[in-house]
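Colleague: Got a minute to walk me through this model? I'd like the domains, then some local details.

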Amino acid sequence: MAPLLSVENLNVSFVQNHQTLRAVRGISFSIETQKTLGIVGESGCGKSVTALSLMRLLPPSIAAVTAQRLLFDEIELSALPESEMRRVRGNRIAMVFQDPMTALNPLFTCGDQIAEAIVLHRNVRRAEAMARSVELLDNVGIAAPAVVAARYPHQLSGGMRQRVVIAMALACRPMLLIADEPTTALDVTVQAKIIDLLLGLQQELRMSMIMITHDLGIVSAMAHDVLVMYAGEVMENAAANTLFSNPLHPYTKSLLASIPTIERKQARLTVIPGEVPNPHELPSGCPFHPRCYARMERCRTQHPALYTPQTSHQVRCLLYE
Ligand SMILES: Nc1ncnc2c1ncn2[C@@H]1O[C@H](COP(=O)(O)OP(=O)(O)O)[C@@H](O)[C@H]1O
Ligand SMILES: [Mg+2]
């Protein structure tokens, strides 16, 4: 079966002060129906820009997006006129962002906002859409859905708001849900509940997901395949169980080592020295070499290609040249 989404050689650049910043550099991946692709990497490595460019939410005035292929359910998204893209966005591909407050309008009740999302894409009456929004709130595990439908966003907790946003995203039963750090703003117990919720809804709606996160714990709980990004590039790409049992890239290994455990709670931010480089000051050679425990002399000058040392397992590192 053809994948639901195939992305080939996606590039995104921003032009700022006459400088071109390459935020996403030639990434490729695909997602099968009902499967979850995890995109991981530290903050600033191009995960959100990737998601926004798939949704075509980066205006051409600020970003140049090119791709050899952005094929979604046999539609080439990059060639789609904006009027048709509007029918895909929020309808067949939906997105959930990190901060539910930015996705919600403080002036309207939660029920109104979900109903709005339904009316926008479906030919139904307002009253029917309102009834459906209460149903959706129930589906996302809200105990008193009719009461919550009448509430304004500021009257709810962070976890409840994120459930409302998820209900809104699922209003039109999308084939693909892009979740960009959906639990990062929530506390840990609420995080776990939202992840369970997404897993359940995925089964029910038979949708594919892109789960964007800096948290490998979330990836291991949800993803079938994983893309590890660094400085706008794919550093490693493998099935999730392969990536966890046999990580190849030193960056992936460092990320795995930085997962906090009970004995090692404090280690989290100190394991990988240094920071993700800014796109306007990318190191020469391998972008990760300044922080890499396994760097060799030639990593300073030679940019690694994406090698395939094992079937279906790609890695951008000269150790595997
Ligand atoms: N609108 C923008 N204008 C200029 N640079 C941007 C813009 N949005 C993102 N960037 C830059 O692109 C890079 C990738 O950002 P992003 O995709 O948000 O990272 P992530 O989601 O992985 O934390 C960062 O260096 C960021 O500063
Ligand atoms: Mg982001």
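Modeller: Sure, here is a quick run through the domain interface, one helix and two loop residues. This is a predicted model, so local features need pLDDT of at least 70 and side-chain atom pairs count only at pLDDT 80 or more, while totals for chains, interfaces and linings use all residues. Residues are numbered from 1 along each chain as its sequence is written, chains are lettered from A and ligands numbered from 1 in the order in which they are written, and side-chain values use heavy atoms, leaving out hydrogens and water.

Colleague: What are the bounds of domain 1 and domain 2?

Modeller: Domain 1 covers 5–92 + 174–320, and domain 2 covers 94–173. Those bounds come from an automatic or database domain assignment. Their centres, taken over C-alpha atoms, are 28 Å apart.

Colleague: And how many residues of domain 1 are in contact with domain 2?

Modeller: 29 residues of domain 1 touch 19 residues of domain 2, where contact means heavy atoms within 4.5 Å. About 2,000 Å² is buried between the two, with carbon and sulfur atoms giving 67%; that is the accessible area (1.4 Å probe) that two parts lose on being put together, summed over both. On the domain 1 side, Asn91, Pro174 and Leu197 lose the most area, together 22% of what that side buries.

Colleague: How many salt bridges between domain 1 and domain 2?

Modeller: Zero, counting a side-chain nitrogen of Lys or Arg within 4 Å of a carboxyl oxygen of Asp or Glu.

Colleague: OK, which elements give two or more residues to the side of domain 1 that touches domain 2?

Modeller: Helices H1 (47–54), H2 (82–88) and H8 (188–205), plus strand S8 (176–180). H8 gives the most, with seven residues. Helices (H or I, at least four residues) and strands (E, at least two) are DSSP runs, numbered from the N terminus.

Colleague: Switching topic: is helix H11 mostly covered or uncovered?

Modeller: Mostly covered: six of the eight residues in H11 (250–257) are buried. They are Pro250, Tyr251, Thr252, Ser254, Leu255 and Leu256. Buried means under 20% relative accessible area, exposed over 50%, partly exposed in between (1.4 Å probe, protein chains only).

Colleague: What do the buried residues of H11 pack against?

Modeller: Helices H9 (216–222) and H10 (240–245), and strands S10 (225–230) and S11 (233–239).

Colleague: Last one: where is Asn17 found?

Modeller: In the loop between strands S1 (5–16) and S2 (19–31). Asn17 has a positive phi of about 45 degrees, though not a glycine, and is exposed at 72% relative accessible area. Ser312 also has a positive phi, near 55 degrees, and sits in the loop between S12 (307–310) and S13 (313–315). Ser312 is exposed too, at 62%.
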